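User: Could you take a close look at one helix pair in this model and walk me through how the two helices meet?

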Amino acid sequence: MSFEMVNSIFTINTSAIMTLAMAAVLLLIGYFVKSKVDFLGKYCIPAPVIGGFLFMFVTYLGYVTGSFSFTFDTYFQSPFMNVFFTTVGLGASFALLKKGGYLLIVYWLIAGIVSIFQNVIGIGVAQLVGLEAPYALLASAISMIGGHGAATAYGTTFTEMGYDAGVLVGVACATFGLISAVMVGGPVGRRLIVKYDLKPDVDETFDTDVTSVNVAAKEPLSGLDVIKNVTAILVCVAVGTQISGWIGKLIGMSFPTYVGAMFVAVILRNLNEKAHFYKFDFALVEGIGDVMLALYLSMAMMTLKLWQLSGLIGGVLVILFCQVVFLVLVSYFIVFRILGKNYDAAVMCAGLCGHGLGATPSAIVNMTAVNERYGMSRRAMMIVPIVGAFLVDIIYQPQTIWFIKTFVHTVAK
C-alpha cells in the first residue's frame, strides 16, 4: 500500500494482496450487517454485496468531496471468478439429468426461451428510451439469469470495450433481480395454488434424493485427495481459459473465460464418474466455490465507482421493471399451463421467477416458502435447481453472445 497526492487528491494505492484482504474484511462486515438487518436476510441480499456497497459509498464520499480516492490492484478478481464457475461445472453430473425426465427437458426449454425474450425486451426498450445496448443487455438475461457472477463478468468485458459503467450497472441490475425475484415468486406460486385449489401429490414415488449424486465421501479425504480435487479445478480453469481465448478469436470479440472453464469442468466431472481418475468430493468443491464467489463479489463491489451510474439508471430501471412484469405474466398465464397446470407446475413457476430474475438460491427460497405452507413438490425441488444452476446456460450464453455481437460496438475510451 502506498499514499500520494494526485491532482490535490489524497490517493491510496492498494496492492493485490491488500485489496484481497480488504475484500475479506468487507465480506465479514457484510455477513454481520445481514445478520442484524432482517430485511437483508429476507430478500436474500448477498453479504459481499452488502459489504461492498458500504465501502462503495465511502469511495463516493471521497469523490464528491474531492478529498481522497482509492486505486486498487484487482489481480485476484478474474482467477477467483473462473474458479467459482469451474466448481459450478464440476457439480453438474449427467446422472442428475436422468432423474428429471420429460418435464426437465420442457422446463429447460422454457427457461431458455425466457432468456431469449429477456434480451429482446432489453434491446427493444433500450431503442425506445435511448439507452446504449451494453447496459440494456446487462439489465436483461445476463443479470437476470446469470446473477452477480455473470453480471460482473460481462460488465468487465463491456468496460474493456469502452463502457465504463459496465460492472456497476451489471451488479446493480443483479441486486435488483435478487430482490424482485423473492418478492414476486412466492406470491405467483401461492396465487396459482389458491385459484385452482391445487394439492401436492402425496402418493408420488419420484426419486428426490438428488443429493445422492453429489454425496460427500463417507471417509475423510486424505491430503492427497484434497490436492487432486484442487488440481482438477486448476486444470479446468487453465484449459477452459485457453478454449475461451480460441472462441474469442473465432467470433472476433472478447469471450468470458469462465464459460470455457465451466464447460470443461462439466466434461471432466462426467468423465471422472466413468473412469474414476480421482475421488471427487462435492462438499469440498462447493465450499471452495462459495469462498471464491464471495471474495470475488466483495472485490468487485468495493472497487466500483458509484458516480459512473449517473444518466443511466432511468433507462435501466425501465428495462428491469419490464423484465419483472414479463416474467410474472408469462409464468402465471403460459408456463403454468405448459407444465401441466398442477401443484408441481405452480411451485415451478415460483422457482422460475426466482432464477429467472435473481439466482438459483432465490428459486429455492421461493419454492421452499410455498412448500412449507402448502406441501412438498418433489419434482420442482429437483428440476428447478438443475436448470437454474447449469442447464439454462447452454441456451442463454450462446444467444447472449449473439446479441452482444450484433448490437454492441467497441467505443474509444
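Analyst: Happy to: here is the pairing of H9 with H14, followed by a serine beside it.

A word on the basis: this is a predicted model, where local features need pLDDT of at least 70, side-chain atom pairs count only at pLDDT 80 or more, and totals for chains, interfaces and linings use all residues. Residues are numbered from 1 along each chain as its sequence is written, and side-chain values use heavy atoms, with hydrogens and water left out.

Helices here are DSSP runs (H or I, at least four residues), numbered from the N terminus. H9 covers residues 166-195 and H14 residues 343-357; their axes lie 7 Å apart at an angle of about 170°. Those axes are lines fitted to C-alpha atoms over the stretch in contact, with angles running from 0 to 180 degrees between N-to-C directions. H9 is therefore roughly antiparallel to H14, a label for angles over 145 degrees.

Contact means heavy atoms within 4.5 Å. On the H9 side, the residues involved include Gly177, Ala181, Val184, Val188 and Leu192, and they meet an H14 set that includes Tyr343, Ala346, Cys349, Ala350 and Cys353. By class, this contact has 12 nonpolar, five polar and no charged residues. In that scheme Ala, Val, Leu, Ile, Met, Phe, Trp, Tyr, Cys and Pro are nonpolar, Asp, Glu, Lys and Arg are charged, and the others, Gly among them, are polar.

Now for the serine. Ser331 sits in helix H13 (residues 313-338) and is buried, at 0% relative accessible area; buried means under 20%, with a 1.4 Å probe and protein chains only. Beyond its neighbours within four places in sequence, Ser331 is in contact with Val188, Phe336, Cys349, Leu352 and Cys353. Among these, Val188 belongs to H9, while Cys349 and Cys353 belong to H14.

Notes:
Helices (H or I, at least four residues) and strands (E, at least two) are DSSP runs, numbered from the N terminus. Angles under 35 degrees count as roughly parallel, over 145 as roughly antiparallel, 65 to 115 as roughly perpendicular and the rest as oblique. Buried means under 20% relative accessible area, exposed over 50%, partly exposed in between (1.4 Å probe, protein chains only).
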